[in-house]
Amino acid sequence: MRLPADNPVFCAVDTNSVEAADHLAHRLAGRVGGLKLGLEFFAAAGPDGIRRVATHGVPIFLDLKLHDIPNTVAGAVRAVVPLGPAFVTLHAAGGRAMMQAAAEAARSEAARLHRPRPRLLGVTVLTSLDDDDLRAMGRDEPVAQQVDRLAHLALDAGLDGLVCAATEIAHLRRRFGREPTLMVPGIRPAWSGADDQKRVTTPAEAMAAGADFLVIGRPITRATDPADAARRVREELVAN
């Protein structure tokens, strides 16, 4: 499925209910650039749930954060290619061999099925983590250094881009240029709260810094009128 050229917003649909996701997809079709469906939804609804949401014609960002031995991750990527996701995520911490196997699986399975290949995005350091969290896990280097290390590994292994915090965009663009796709979560419009994200910014700020796509969840999904909230985000971006 082609990505919209004029709307970079992927709405994070964090639910395990197919009915809720389907209803939200119906309301947001044409209002957002796509929908992000994560592990909670996939564990509850599986491929059939993805197919149902996709019937509304919105690109799907399948945020599974795959992390296992190379053969297993390659098999998982092959299994989701028929669902037609625009993006699929992997943990860069899974290592070079794992990511190379995933990239090859995406290419070969998409070619076999004669359909577009999903873009594979490497997850470096989750946006809910900061330097203190990394130290608690025995990683003495700061978030920025860990992100840089894993970003280089992911792109060198053949992934299409990265999931990154807005605070990391400028550095990643300087380091790797315009080619990698940067998907940025932790985005909160000025009129919403930060929730549990520790590294956040506004949609306009993220795009100005060099983001390609933005992930916005609760400010849209918990709004009284999600379609209107999506419209407000879009207007904020157009105004800037």
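**Exercise 1.** How many aromatic pairs does the structure hold? Work out, too, what kind of pair Phe-10 and Phe-61 form, and which parts of the chain this pair ties together.

*Solution.* The model is a predicted one, and the structure holds five aromatic pairs. Take first Phe-10 and Phe-61, whose centre-to-centre value is 6.2 Å and whose planes stand at 85°. Since planes over 60 degrees apart count as edge-to-face, this pair is edge-to-face. Next, locate the two residues: Phe-10 belongs to strand 1 (residues 9-13) and Phe-61 to strand 3, so their pair ties together parts that lie 51 residues apart in sequence. Finally, Phe-10 and Phe-61 are both buried.

**Exercise 2.** Explain why the pair of Phe-10 and Phe-87 is edge-to-face, and state which residues the ring pairs link into a cluster.

*Solution.* The ring centres of Phe-10 and Phe-87 are 5.7 Å apart and the planes make 75°, so this pair is edge-to-face. Phe-10 sits in strand 1, whereas Phe-87 sits in strand 4, and the pair therefore ties together parts that are 77 residues apart in sequence. Both of these residues, Phe-10 and Phe-87, are buried. Ring pairs link Phe-10, Phe-61, Phe-87 and Phe-213 into a cluster.

**Exercise 3.** Describe how the eight strands are arranged, and find which residue of strand 6 stands opposite Leu-121.

*Solution.* Following the order 1-2-3-4-5-6-7-8, the eight strands close into a barrel with parallel pairing. On average, and with direction ignored, neighbouring strands of this sheet are turned by 25° against each other. As an example, look at strand 5 (residues 119-123) and strand 6 (residues 161-163), which pair in the parallel sense over three bridges. Here Leu-121 stands opposite Gly-161 in strand 6. A helix can then be added to the picture: helix 3 (residues 70-80) packs on the sheet, where it touches strand 3 (60-66) and strand 4 (87-91), and its direction makes about 165° with that of strand 3.

**Exercise 4.** Determine which residues of the largest nonpolar core touch the most other members, and which helix contributes the largest share of this core.

*Solution.* The largest nonpolar core has 66 residues, and of these Leu-35 and Ile-220 touch the most other members. Helix 4 (residues 96-113) supplies the largest share of this core, namely seven residues. If residues up to four places away in sequence are not counted, Ile-220 touches Val-9, Cys-11, Leu-28, Val-32, Pro-226, Ala-229 and Ala-230. There is also a second, separate core of eleven residues, among them Phe-61, Phe-87, Val-123 and Phe-213.

Conventions
Residues numbered from 1 in each chain as written. Predicted model: local features only at pLDDT ≥ 70, side-chain atom pairs only at ≥ 80, totals over all residues. Heavy atoms only, no water. Pairing = 2+ DSSP bridges. Helix = DSSP H or I, 4+ residues; strand = E, 2+ residues; numbered from the N terminus. Axes fitted to C-alpha atoms, helices over the stretch in contact; angles between N-to-C directions. Contact = heavy atoms within 4.5 Å. Core = buried A, V, L, I, M, F, W, Y, C linked by side-chain atoms within 4.5 Å. Buried < 20%, exposed > 50% of the residue type's maximum accessible area, 1.4 Å probe, protein only. Phe/Tyr/Trp six-rings, centres within 6.5 Å; stacked < 30°, edge-to-face > 60°.
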